[in-house]
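Please open the model in your viewer and keep the selection tool at hand. The tour below proceeds from one selection to the next and states what is found at each stop.

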Amino acid sequence: MVRLKDLGVENNYAFNFDDFILLPSYIDIEPSEISLVTKFSTNITLNVPFISSPMDTVTEAEMAITLARNGGIGVIHRNCTIEEQIEQVKRVKRAESFIIRDVVVIHPEATVGEAAKQMQEHGISGLPVVDENNRLLGIITGRDVRFASPEIKVRDAMTKDVIVADEKITPETSIELMKKYRIEKLPVVDAQNRLVGLITYKDVSLRGKYKDAVRDEFGRLRVAAAISPFDLERAIKLSKYVDALVTDVSHFHNQNVITSTRKIIENVQCDVVIGNLGSKEGVLDSLSKLEKVAGLRVGIGSGSVCTTTQITRTGSPTLYAVAQAKEALDELGIDIPIIADGGIRNAGDIAISIAFGASCAMMGYLFAGCKESPAPMMILGGRYYKLHRGMGSVSARQKRLAVDRYAKLSKEIAEGTEAWLPYKGEATNVIQELAAGLKAAMGYAGARNIKELQTLAKVKRVSITAFAKASDLLFPGETK
Ligand code: XMP
């Protein structure tokens, strides 16, 4: 276990990732055999310790789906209306369940044009057609819509002879049925022919593809969502769909924030992760005033597009914040997950965070340039770039005020900026590279799993000359 007093940094040094190095230790397995299973929050286990940040250039449904399929979790940003945020969460939940419960349906008297609009808005390719009593009358798919005039009634364009299943159907039988009848959607009905769910071929066939996927008890991908501690309505509405809520405030250790968060925790059933925290006192005080805290999000001012430290000269570097939170939890004798948030650039930063007590890492910058990020792309000098912006940047604050009529900006100054990042391609590759890098780090450090990295890792302060390179090397992209 890392002890700050052994490192000589106990009371006088706000450090970060580059100040330390993991020392090599004996291991009896190969890096590929190392387990990255960890906790995101009290009730949520991940297969890789990676979380995408709740930023509007990082995490909406597409990113959250990719994270969950690959073993991590995405936190949907809150720079949108409550309805929009819930829709993003629902998209994740619909992405891969066996039986979709929250089915988007249409009435037979609606027009084909309305059906097409619904399909587009929800990103789906077919709608069961039901009457006022939720009885199944037919199904209308993208194909029916494409070949019919938009003015005609759904009832005249839908397929009426629908193959259905009952709730007891297994994934295997549903695949057999869909193959036999060459259909992609299988409505699930009760004894009175009322619609109770929907099975899609895509979802069922994907189940075997993502072995590391993080799923809830219904087989749906897990997802979290960001909330303001002052937005009880949003928290309550979201809590019906998400696996966890994550408070999204740069300085959690504030009496009003803590009091409002208490109300949220009392009113929702799901896990609530609190943050951001940056000091031992902040963690101790917050935990003394709040019950059922499911995780701690820590780090203030280290984010890639964060200007807090420049503007205010305050902050708590992410690794220091992890160490502070760990000390507080050790003092209290409780074990809740610590999430290292801000400034993480590579697998090594994650490894050292875990060695200091983190359970997982939250990343904006590393995912922002990916295909799945909901950000504009531009071409500059023949290369592709995607936008990454701080949630405290001028433009993000303006959007918040425009979309959320209850939004109140408590600060009068922007604490974030914008940047264009080279396009990185698919987030799956980033996740796999991070996982491979983390396993390599753990292999050196002698840790077979996350718990061992948290408890056995040996860490030393590093001198600035320790890894100096010859000065005449020319690296790719450099000119001398
Ligand atoms: P990275 O370095 O991974 O950091 O991009 C992501 C984290 O940065 C925080 N964040 C901000 N911090 N001003 C800040 O001071 C901002 O505008 C801002 N936007 C995001 C947040 O904790 C995120 O997870």
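Select A224 to begin. In this predicted model, A224 has a relative accessibility of 0% and therefore counts as buried, since the cut-off for that class is under 20%. The residue is found in strand β10, which covers residues 224-227.

Next, display what surrounds A224. Leaving out residues up to four places away in sequence, A224 touches F40, I73, G74, V75, I76, V242, A244 and V246. Add V272 to the selection as well: A224 and V272 are 48 residues apart in sequence, and their C-alpha atoms are 9.5 Å apart in space.

**The nonpolar cores**

Now select F50, L296, F356 and F367. These are the residues with the most contacts inside the largest nonpolar core, which has 96 residues. Helix α17, residues 427-445, supplies the largest share of this core, with 9 residues.

Which residues does F367 touch, not counting those up to four places away in sequence? Show the surroundings of F367 and the following appear: I51, S52, V58, M63, L67, S373, K424, A427, V430, I431 and L434.

A second core, separate from the largest one, has 15 residues. To locate this second core, select F40, A224, V273 and M362, which are included in it. A224, the starting point of the tour, is thus met again here. As a general background, nonpolar side chains tend to be buried together in soluble globular proteins.

**Helix α14 and its crossing with α17**

Move to S353, in helix α14, residues 347-355. Is S353 buried or exposed? With a relative accessible area of 1%, S353 is buried. Apart from neighbours within four places in sequence, S353 is in contact with F17, L319, V322, A340, I344 and A358.

Keep α14 in view and add α17. The axes of these two helices come within 8 Å and cross at roughly 50°. That angle makes α14 oblique to α17, and α14 passes α17 in a right-handed crossing. To see the contact itself, select A347, I350, A351 and I354 on α14, together with L434, G437, L438 and A441 on α17. By class, the contact of α14 with α17 consists of 7 nonpolar residues and 1 polar residue, with no charged residues. L434, on the α17 side of this contact, is also one of the residues that F367 touches.

**Helices α9 and α10**

Select residues 232-239, which form helix α9, and residues 255-267, which form helix α10. How do α9 and α10 lie: roughly parallel or roughly antiparallel? Their axes come within 10 Å and cross at roughly 25°. The two helices are therefore roughly parallel to each other, given that angles under 35 degrees fall into this class. α9 passes α10 in a right-handed crossing. At the contact, L232, A235 and I236 in α9 meet K263, I264 and N267 in α10. The residues of this contact divide into 4 nonpolar, 1 polar and 1 charged.

**Backbone details**

Turn to the backbone and select G275 and N276. The peptide bond from G275 to N276 is cis, with omega near 10°. N276 is found in strand β12, residues 271-277.

Then select N193, in the loop between β8 (185-189) and β9 (195-200). N193 has a positive phi of about 65°, although it is not a glycine. Its relative accessible area is 30%, so N193 counts as partly exposed.

Select R313 next, in the loop between α12 (308-312) and α13 (318-332). Phi of R313 is also positive, near 55°, in a residue other than glycine. At 72% relative accessibility, R313 counts as exposed.

**Final stop: A402**

Finish with A402, which lies in helix α16, residues 394-403. At 67% relative accessibility, A402 counts as exposed, because the value is over 50%. Where does A402 lie with respect to G369? The two residues are 33 apart in sequence, and their C-alpha atoms are 25 Å apart in space.

Methods
Residues are numbered from 1 along each chain as its sequence is written. This is a predicted model: local features need pLDDT of at least 70, side-chain atom pairs count only at pLDDT 80 or more; totals for chains, interfaces and linings use all residues. Side-chain values use heavy atoms; hydrogens and water are left out. Axes are lines fitted to C-alpha atoms, for helices over the stretch in contact, and angles run from 0 to 180 degrees between N-to-C directions. Helices (H or I, at least four residues) and strands (E, at least two) are DSSP runs, numbered from the N terminus. Angles under 35 degrees count as roughly parallel, over 145 as roughly antiparallel, 65 to 115 as roughly perpendicular and the rest as oblique. A crossing is left-handed if the near helix is turned anticlockwise from the far one by less than a right angle, and right-handed if clockwise. Contact means heavy atoms within 4.5 Å. Ala, Val, Leu, Ile, Met, Phe, Trp, Tyr, Cys and Pro count as nonpolar, Asp, Glu, Lys and Arg as charged, and the others, Gly among them, as polar. A nonpolar core is a set of buried Ala, Val, Leu, Ile, Met, Phe, Trp, Tyr and Cys residues joined through side-chain atoms within 4.5 Å. Buried means under 20% relative accessible area, exposed over 50%, partly exposed in between (1.4 Å probe, protein chains only).
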